[in-house]
Amino acid sequence: MAPPDHRRPYKRPAISDQQRRRELSLLRQAQSRLDAQHRARCLASSVLSLENPEPDSVPELELESKPGEERSEAPPKEFDVRQASKLRGAEARKWFARQLMLPEWMIDVPDRLSQDWYVFARPAGKRCFVVSSNGAAVSRLRNGSILHRFPSALPSGARTRDVSGSAQSYSILDCIFHEPDQTYYAIDMLCWRGYSLYDCTAEFRFFWLNSKLAETGACEPPSQYHRYRFSLVPVYNCDHSGLHAAYTGAAPYVKDGLLFYNKEAHYQTGNTPLALVWKDENCSQYVIDTDSQGNVPKQQQVVLELQEDGKLTTSDDPPVVFGCLDGDFIQKSGLCLGNLLRFAIGDGGLSFVDGGLDKADLCYLGKSNRARAFADSYSKLIS
């Protein structure tokens, strides 16, 4: 009789939800490229034949989202940043607030990290994007409000005699404004002289950013027609030496964690698993949330958005439900659809079943700061 086999049966570890969504996001990018090529061929064929295409011969411009998949929303082609700049008040803030690509918090280590990802130390400061057009530059914060309006050496960023490029051209940079040295640190490029980079890979966007920004003189010290200096952030491959340089290396700015970008990632507005943020005590002053005075609250807090049916959701697409408010409580508290509400996480914490959220012990604190534009993301809450 053979001796019993006490070895554990081999079981392949489950792929995390974040890894699955990374794979889905890359697949959707590839599908979008194929659809774009197909639309171009259909359009060219229609023009050459001088015939109107059949109603069903050209695919819809917008892909349908499948349950559980994230949706990449590129800015509408018929409504660009020049037109959006004419918006005013809350309408302008709402539109501009949805243009930044927001990293998820790193829950697990991505597959092929050393081959497929970049890493850099994120400057501490105000995340914003800078638009230069018609002789001026404007920076807008993450909530859509204006931070600065100023002359700049960026293309079409100042009214000088030697300004180059078409008057209709504009450029858009994703930046972090670092207050100690009054510098805009450019971490990404969305558009350059009217040429869109949204559908380009991060590898190409970073190359273009490093090649083009210095040529303009935008990295020079401030002057009459260039009020704020711009600077580049050192970007490394995610191998051992790159991670060490980003994590422990000296930087001309205060660090606020590490940012990881998948090299194939397009610029997707909103939360995306193809960009990740990591924080700990060695690379960030603010590892966990603090109040406006920089104090850590006794209980960790979460900001959720109130939906029509009373559900409390994150900012993800699709959103994750963290709880539900009673209709009488909503009415008595004067709350309404879309309100951002702050909760403390009670002693019961968060409970998970099969890798998903089961229940959360939430204690209502009140409405969130009015300057805030979005609820917290799921990855931030569980990281």
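**A walk from a hairpin to a cis proline**

Let's start with two strands: S4 (residues 136–141) and S5 (residues 146–150) run antiparallel and are joined by four bridges. Keep in mind as you look around that this is a predicted model. To find one of the partners by eye, go to Ala137, which has Phe150 in S5 as its bridge partner. Between the two strands of this hairpin sit four residues, and Gly144 takes a positive phi near 95° there.

That phi is a handy lead-in to the backbone in general. Most residues other than glycine have a negative phi, and most peptide bonds are trans. With that in mind, there are a few spots worth a look on either side of the hairpin.

Step back along the chain and you come to Asn134, in the loop between strand S3 (126–133) and S4. Asn134 isn't a glycine, yet its phi is positive, at about 55°. Is Asn134 buried, exposed or partly exposed? Its relative accessibility is 46%, so Asn134 counts as partly exposed.

Now go the other way, past S5, into the loop that leads to strand S6 (170–178); this is where Ser156 lies. Ser156 is also not a glycine, and its phi is positive too, at about 60°. Its surroundings tell another story, though: Ser156 has a relative accessibility of 5% and therefore counts as buried, because the cut-off for buried is under 20%.

Further along, let's look inside the protein. How many cavities of 30 Å³ or more does the structure hold? There is one, and the largest cavity has a volume of about 40 Å³. Its lining is made up of Phe120, Ala186, Ile187, Leu209, Asn210, Leu232, Val233 and Val235. Two elements give two or more residues to that lining: strand S7 (183–192) and helix H5 (202–212). As for chemistry, the lining residues of this largest cavity divide into seven nonpolar and one polar, with no charged residue. The polar one is Asn210, so if you want to pick it out in the viewer, look for that side chain among the nonpolar ones.

The last stop is another backbone feature, this time in the peptide bond itself. Head for the loop between strand S14 (311–313) and strand S15 (321–324), where you'll find Pro318. The bond that joins Asp317 and Pro318 is cis, with omega at about 0°. Again, the background is simple: most peptide bonds are trans.

How values were computed:
Residues numbered from 1 in each chain as written. Predicted model: local features only at pLDDT ≥ 70, side-chain atom pairs only at ≥ 80, totals over all residues. Heavy atoms only, no water. Pairing = 2+ DSSP bridges. 1 Å grid on protein atoms, 1.4 Å probe; cavity = no way out; pocket = protein on both sides within 12 Å on 5 of 7 lines; lining within 4 Å. Points joined across faces, edges and corners; volume = space filled by probe spheres on them. Buried < 20%, exposed > 50% of the residue type's maximum accessible area, 1.4 Å probe, protein only.
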